[in-house]
Amino acid sequence: MRNFLLKSQIVLLFSVQLGSLWAEDGRDRLNAVIGRMNSLESFRASVTVNGGLTGVVSYKSPNQLHVRFSDGRIISSNGRILWFYNPDSSIAGKQDLRGVSGGLGGLLSGYETVTVSGRTFRLTSTTKRYNEIILVVSDNDLPRVLKMKRSDEEITEIAFSGIATNIGLGTGLFNFQPPTSSQIVENPLNQKE
C-alpha cells in the first residue's frame, strides 16, 4: 500500500509539473502570436459576429481601429478616444482611452491558465470580464476565430476572413466624428450597470 501511495504521489507530481509546462508553453506560444499581431503596421479583414452581423475591421499601428458593421454601426479609435456610434438611435459613446492597454495583447493579458492545442488557444480566469477566451489562429498566426465567454454564459464569437496586412490606411479613417445631431454619452464603459 505504501508503495502504491508513493507511486501515486510521483504520478500526481509529474502530472502537475507537466500541466505547468503545457500552461507555460501555451503562454509562450500566445505571446508569439501577440508579438506577430503587434509587428503589423496595419491590417484589414472582414468579420462576422455571432454568425450574423458582418463588417469590416481596419487597424493601424499604434492602437488605431475602425469597424464598420453592415447595419451602419461604427466602432472607431484614434488611440486616444474610442467611439461607438449607432445610427438607429443616433447615440454616440465617447470613451477616453488614457491608461488602457488595447489590442489583442490587452484583451488576452492576465489570464491564469493558457493552454494550446495546435492552432487553438484556451485562456481561463475567474477574475476577468471574460472567464474563457478561445482564440484560433491561421498558419501565419493571424486570428481566425475569437470566442469570448462571460460568467453569465453569454458568448461572443468573432470570425475573421480575408485578412490583408501592411496595407496603406489613411489616418482620417480613424478620426471618426459622429453626426452633429447625435446624442453623445461620455465614457460609457466607466458606468456601472
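Visitor: What makes the pairing of E153 and K149 a salt bridge?

Guide: The side chains of E153 and K149 meet at 3.4 Å, N to O. The cut-off is 4 Å between a side-chain nitrogen of Lys or Arg and a carboxyl oxygen of Asp or Glu. The value of 3.4 Å passes, so the pair counts as a salt bridge. Bear in mind that this is a predicted model.

Visitor: Why is E153 called exposed?

Guide: E153 has a relative accessible area of 51%. Exposed means over 50%. Therefore E153 earns the word.

Visitor: And K149, how do you know which class it belongs to?

Guide: K149 has a relative accessible area of 25%. Buried means under 20%, exposed means over 50%, and partly exposed is in between. So K149 is partly exposed.

Visitor: What makes R150 and E154 a salt bridge?

Guide: Their side chains meet at 3.5 Å, N to O. The limit is 4 Å, so R150 and E154 qualify. R150 is partly exposed at 23% relative accessibility. E154 is also partly exposed, with a relative accessible area of 40%.

Visitor: Which residues do salt bridges with shared partners join into one network?

Guide: R29, R119, D139 and D141 are joined that way.

Visitor: How many salt bridges are there in the whole structure?

Guide: A search finds nine.

Visitor: What makes E157 and K147 one of these pairs?

Guide: The side chains of E157 and K147 meet at 3.7 Å, N to O. That is within 4 Å, so the pair counts.

Visitor: Why can this pair be said to tie parts together?

Guide: E157 lies in strand β11, residues 155-165, and K147 lies in strand β10, residues 143-150. The pair therefore ties together parts that are 10 residues apart in sequence.

Visitor: Are E157 and K147 buried, exposed or partly exposed?

Guide: E157 has 29% relative accessibility. K147 has a relative accessible area of 33%. Partly exposed lies between the 20% and 50% cut-offs, so both residues are partly exposed.

Visitor: Now S58. Why is S58 called buried?

Guide: S58 has a relative accessible area of 2%. Buried means under 20%, so S58 is buried. S58 sits in strand β2, residues 53-60.

Visitor: Which residues does S58 touch?

Guide: Leaving out residues up to four places away in sequence, S58 touches F43, R44, Q64, L65, H66, L169, L173 and F174.

Visitor: What makes the meeting of S58 and R44 a polar contact?

Guide: The side chains of S58 and R44 come to 2.9 Å. A polar contact needs N or O atoms within 3.5 Å, one able to donate a hydrogen and the other to accept it. The distance of 2.9 Å fits, so the name applies.

Visitor: Where is S109, and why is it called partly exposed?

Guide: S109 is in the loop between α2 (103-108) and β7 (113-117). Its relative accessibility is 33%. That falls between 20% and 50%, so S109 is partly exposed. S109 and L30 are 79 residues apart in sequence, yet 9.8 Å apart in space, C-alpha to C-alpha.

Visitor: What does the whole protein chain contain?

Guide: The chain has two helices and 12 strands. Along the sequence, the pattern is α-β-β-β-β-β-β-α-β-β-β-β-β-β. Of its 193 residues, 32% count as buried. The chain exposes about 11,800 Å², and carbon and sulfur atoms supply 53% of it.

Notes:
Residues are numbered from 1 along each chain as its sequence is written. This is a predicted model: local features need pLDDT of at least 70, side-chain atom pairs count only at pLDDT 80 or more; totals for chains, interfaces and linings use all residues. Side-chain values use heavy atoms; hydrogens and water are left out. Helices (H or I, at least four residues) and strands (E, at least two) are DSSP runs, numbered from the N terminus. Buried means under 20% relative accessible area, exposed over 50%, partly exposed in between (1.4 Å probe, protein chains only). Contact means heavy atoms within 4.5 Å. Accessible areas come from the Shrake-Rupley method with a 1.4 Å probe; for residues, only the protein chains shown count as cover.
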